[in-house]
Amino acid sequence: MSKKDDRLLQRGIEETLVTNFAEKHRDSYGDFLQLKTLLNIQRTFQDPAAPDEMLFVIIHQVSELWLKLMHHELCEVRRYVQEHKIGEALKKIDRIKAIQRQLIAAWETLLTMTPVDYMKFRDALGSSSGFQSYGYRQIEFILGNKDPATLKVHAHDPEVMEQLNNALTKPSLYDEVLALLSRQGFDVPDDLLDRDFSQIYAGDPRIVKIWVEVYRNPDQHWDLYSLAEKLMDVESLFQRWRFDHATTVERVIGMQKGTGGSSGVAFLRKALDLRFFHDLYDMRSELFYGSSET
C-alpha cells in the first residue's frame with residue numbers, strides 16, 4: 001500500500017466507496033433524502049435575518065417532521081389493534097415514546113433563545129401560530145381529542161380540510177381499543193362501538209369496570225394490561241411536552257398574547273387539563289377505592 005493510499009484510509013476513504021453518481025439510475029444520499037429541497041426551505045422572515053430566526057425555523061420544521069412520523073406510527077398502532085396484533089402494537093408505541101422524547105428535547109434547544117433574541121423577529125411572524133399545525137391536529141384526533149371547531153383555522157386550505165375531516169370521522173386509537181375489549185369477550189355497550197366517531201369520547205363508567213377487572217387480574221389479561229400502561233406512557237409524555245411548551249413560551253414572552261391571537265401561556269395551560277384516555281385515569285381511583293373496602 002502506498003503512502004497516499006494509507007493517508008486516504010486514515011481519512012476514512014476506502015477504494016470501494018461509490019463516488020461516481022453521474023451514472024444513470026444511481027442515486028446519492030442527497031438524492032434519496034432530497035437534500036437540495038430539504039435544506040433550502042428554511043426561509044427566514046427578515047432581510048437581513050435576525051440571528052435566531054434560523055434556529056426558530058429549523059426547530060419548528062424538525063418538530064413537524066417528528067409529528068408526521070408520530071402520526072404515521074399511531075396509525076400503525078391503530079391498525080395492529082384492529083388486527084389483534086398486540087405485540088406489534090406495543091413495539092410501535094415504544095417508538096412513539098422515543099419520538100415524543102425528541103419533541104420534548106426541542107424545547108431545551110429553543111430555550112437558548114432569549115426574550116431579546118426573539119423580539120428581533122417576532123413581529124415578522126404575523127398571525128402564524130403553532131395552533132395552526134395540522135400535523136399536531138391529526139395526532140390529537142387519532143388520540144381522541146376531537147374538536148371540529150379547531151378546523152376553522154384551516155378553512156382556507158381544502159386539501160388540509162379534507163385530510164383533517166377524514167381523521168376526525170375515523171375511530172380514534174382508543175375507539176379501536178374498545179372494539180378490542182369487545183372482541184376479547186368483555187361487555188362493551190353497542191352505543192360505544194357504533195357511535196359518531198367525530199365526537200369526543202369522555203369516558204364511561206361501564207368501561208372503567210372492565211379496566212378494573214383487567215388490572216385486578218393482570219396475569220390473565222396481560223396483553224390488555226400492557227397496552228393500557230403503554231397508552232398511559234404516551235399520555236404522560238404528551239402532557240410533559242405540553243407543559244414544557246407552556247413553560248418555554250412563558251420564559252421567552254412572559255404572559256403576552258400569542259402571535260395567532262391566543263392568550264399565550266394561559267391558552268397553553270388550558271391544554272394541560274385535556275386527557276385522551278379518561279377511562280384509564282378513572283379506573284385508578286376505582287381500583288384503589290375498591291381495594292380499600294376489601
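At what angle do helix H9 and helix H12 pack, and how far apart are their axes? In this predicted model, H9 (residues 173-183) and H12 (residues 222-253) meet at an angle of about 165°, and 12 Å separates their axes. Because angles over 145 degrees count as roughly antiparallel, H9 and H12 are roughly antiparallel to each other. The crossing in which H9 passes H12 is left-handed. On the H9 side, the contact is made by Leu173, Val177, Leu180 and Leu181, and on the H12 side by Leu224, Leu227 and Leu231. Two packed helices are described by the angle between their axes and the distance between the axes, and the next pair can be read in those terms too.

H12 also packs with helix H11 (residues 205-216), here at an angle of about 110° and with the axes 9 Å apart. That angle makes H11 roughly perpendicular to H12, since the range from 65 to 115 degrees counts as roughly perpendicular. The crossing of H11 and H12 is left-handed. From H11, the residues Trp211, Val214 and Tyr215 take part, and they meet Leu224, Tyr225, Ala228 and Glu229 of H12. A helpful residue to find in the viewer is Leu224, which is among the H12 residues that touch H9 and also among those that meet H11.

The length of H12 can be checked with a short calculation. With 32 residues at 1.5 Å a residue, H12 should span 46 Å, and its end C-alpha atoms lie 47 Å apart, so the two values agree. Just after H12 comes Gly254, with a positive phi near 65°.

Helix H8 (residues 158-169) passes the same kind of check: its twelve residues should span 16 Å at 1.5 Å a residue, and the end C-alpha atoms are 16 Å apart, which agrees. The buried residues of H8 are Val160, Leu164, Ala167 and Leu168. Viewed down the axis of H8, these buried residues fall within an arc of 100°, so they line one face of the helix. Pro158, Glu159 and Glu162 are exposed, on the face of H8 that is turned away from the buried side. Part of the cover over the buried residues of H8 comes from helix H7 (134-143).

How much of H7 is itself covered? Nine of the ten residues of H7 are buried, so to speak of this helix as mostly covered is apt. The buried set consists of Gly135, Tyr136, Arg137, Gln138, Ile139, Glu140, Phe141, Ile142 and Leu143. These buried residues pack against helix H4 (53-82), H8, H9 and H12. H7 is followed by Gly144, whose phi is positive, near 110°.

Several loop residues also deserve a look. Most residues other than glycine have a negative phi, and most peptide bonds are trans. Against that background, Gln34 has a positive phi near 50° although it is a residue other than glycine. Gln34 sits in the loop between helix H2 (29-33) and H3, and its relative accessible area of 53% makes it exposed. His84 is likewise a residue other than glycine with a positive phi, near 60°. The loop that holds His84 runs between H4 and helix H5 (86-110), and at a relative accessible area of 36% His84 is partly exposed.

The loop between H3 and H4 contains Pro48, and the peptide bond that leads from Asp47 to Pro48 is cis, with omega near 0°. Ile41 also has its place in the loop between helix H3 (35-38) and H4. With 45% relative accessibility, Ile41 counts as partly exposed. The C-alpha atom of Ile41 is separated by 49 Å from that of Val214, and the two residues are 173 residues apart along the chain. Val214 is one of the H11 residues that meet H12.

A further loop, between helix H10 (190-193) and H11, holds Arg195. Is Arg195 buried or exposed? At 18% relative accessibility, Arg195 counts as buried, because the limit for a buried residue is under 20%. Leaving aside neighbours within four places in sequence, the contacts of Arg195 are with Asp175, Ile200 and Tyr201. The C-alpha atoms of Arg195 and Pro171 are separated by 9.3 Å, with their positions 24 residues apart along the chain.

Conventions: Residues numbered from 1 in each chain as written. Predicted model: local features only at pLDDT ≥ 70, side-chain atom pairs only at ≥ 80, totals over all residues. Heavy atoms only, no water. Helix = DSSP H or I, 4+ residues; strand = E, 2+ residues; numbered from the N terminus. Expected span 1.5 Å × (residues − 1). Buried < 20%, exposed > 50% of the residue type's maximum accessible area, 1.4 Å probe, protein only. Arc of directions from axis to C-beta. Contact = heavy atoms within 4.5 Å. Axes fitted to C-alpha atoms, helices over the stretch in contact; angles between N-to-C directions. Parallel < 35°, antiparallel > 145°, perpendicular 65-115°, else oblique. Left-handed = near helix turned anticlockwise from the far one by under 90°.
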